[in-house]
Amino acid sequence: MKKNIAIVLALAILSMGIFTAVGEAAVLGHRLLHFGARGNDVKTLQKELAKEGYFTVEATGYFGPITEKAVINFQKDNRIRIDGMAGYETINELKDGNEYKNMATVNNYSKYRVNVTKEELKLLARAVYSEARGESYEGQVAVASVILNRVADPRFPNTIKGVIFEPWAFTAVHDGQFWLTPDPKVMDAVYDALKGWDPTKGAVFYYNPAKVTSYWIYTREIITKIGKHYFAK
């Protein structure tokens, strides 16, 4: 009897140790964090929030109401979908889009059409502003969508940065307007395009007939017209 009790106790202790190891060994970015979660990744999240001024108490590794409120405030200030949970979008913004940029591929928490770093978000904002600052909101989303559509098209570079800086691809990059400081409002259009709104219905080209310098573009099949831009495939 004593031997059986000892075995049961040993197994219980072992299972507790395994549970603790699994719960506490997680690395920030390997899972979605939400209210009630515990572990080292939660503690890392709290420390990162503290660096940004959103978490002002000791990091405990428990995702309680204080952590949830800190996450919500961070999401509000960074124009991220407000849900109080630390998924890909929140962690990517918190960590500057570098260390955890592959989290979407690993865990599929991304709400975006493609993985995007903070640097690429800025590049998209510059591209939209320089190419479509005089267009409607829909027209700005459309320009961002063309860039994202090119990333998914094998005829073009497979990264946002590669598409934007492909030689002669965008007039604004070529003539220097790309480096104008964008209006922060264009980020809304960028986010909407990343989240799946494509007013162009899959276009990979666009042009303003009044500013065309290469008549080759007229050989492309037009899908739709938004503002001054024709969108084609």
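These exercises work through a predicted model of one protein.

**Exercise 1. The overall fold**

State how many helices and strands the protein has, and in what pattern they follow one another.

*Solution.*
Step 1. Count the elements. The protein has 10 helices and three strands.
Step 2. Read along the sequence. The pattern is α-α-α-α-α-α-α-α-α-α-β-β-β.
Step 3. Look at burial. Of the 233 residues, 42% count as buried.
Step 4. Look at contacts. Take those between residues at least 6 apart in sequence: 53% of them join residues at least 24 apart.
Step 5. Turn to the surface. The protein exposes about 13,000 Å². Carbon and sulfur atoms supply 56% of that area.

**Exercise 2. A salt bridge inside one helix**

Find the partner of K51 in a salt bridge, then decide whether each of the two residues is buried or exposed.

*Solution.*
Step 1. Find the partner. K51 pairs with E48, and their closest N and O atoms are 3.4 Å apart.
Step 2. Check the cut-off. A salt bridge needs the nitrogen within 4 Å of the carboxyl oxygen. The K51–E48 pair forms one.
Step 3. Place the pair. Both residues lie in helix 2, residues 40-51. They are three residues apart, about one turn of the helix.
Step 4. Judge K51. Exposed means over 50% relative accessible area. K51 has 63% relative accessibility, so K51 counts as exposed.
Step 5. Judge E48. Buried means under 20%. E48 has 10%, so E48 counts as buried.

**Exercise 3. Salt bridges between parts of the chain**

Explain why the salt bridge of K118 and E93 ties together separate parts of the sequence, then treat K233 and E221 in the same way.

*Solution.*
Step 1. Recall the principle. Side chains of opposite charge can pair when their charged atoms come close.
Step 2. Take the K118 pair. The side chains of K118 and E93 meet in a salt bridge, at 3.5 Å from N to O. K118 lies in helix 6 and E93 in helix 4 (residues 88-94), so the pair ties together parts that are 25 residues apart in sequence.
Step 3. Add burial. K118 is partly exposed, at 24% relative accessible area. E93 counts as buried, at 13%.
Step 4. Take the K233 pair. K233 and E221 meet in a salt bridge, at 3.8 Å from N to O. K233 lies in the segment after strand 3 and E221 in the loop between strand 1 and strand 2, so this pair ties together parts that are 12 residues apart in sequence.
Step 5. Add burial again. K233 is partly exposed, at 43%.
Step 6. Widen the search. The whole structure has six salt bridges.

**Exercise 4. Pocket and cavity**

Describe the largest pocket and the largest cavity by volume and by lining.

*Solution.*
Step 1. Give the pocket volume. The largest pocket holds about 1,000 Å³ of space.
Step 2. Describe its lining. There are 30 lining residues, and E131, F170, T171, Y206 and Y207 lie nearest the centre.
Step 3. Sort them by class. The lining has 13 nonpolar, nine polar and eight charged residues.
Step 4. Find the main contributor. Helix 9 gives the most, with four residues.
Step 5. Move to the cavity. The structure holds one cavity of 30 Å³ or more. The volume of the largest cavity is about 50 Å³.
Step 6. Describe the cavity lining. Among its residues are I80, E89, N92 and E93. Helix 4 gives the most, with three residues.
Step 7. Sort the cavity lining. The classes are five nonpolar, one polar and two charged.
Step 8. Link back. E93 lines this cavity and is also the salt-bridge partner of K118.

How values were computed
Residues numbered from 1 in each chain as written. Predicted model: local features only at pLDDT ≥ 70, side-chain atom pairs only at ≥ 80, totals over all residues. Heavy atoms only, no water. 1 Å grid on protein atoms, 1.4 Å probe; cavity = no way out; pocket = protein on both sides within 12 Å on 5 of 7 lines; lining within 4 Å. Points joined across faces, edges and corners; volume = space filled by probe spheres on them. Helix = DSSP H or I, 4+ residues; strand = E, 2+ residues; numbered from the N terminus. Nonpolar A, V, L, I, M, F, W, Y, C, P; charged D, E, K, R; others polar. Buried < 20%, exposed > 50% of the residue type's maximum accessible area, 1.4 Å probe, protein only. Contact = heavy atoms within 4.5 Å. Areas by Shrake-Rupley, 256 points an atom, 1.4 Å probe, with all protein chains shown as cover.
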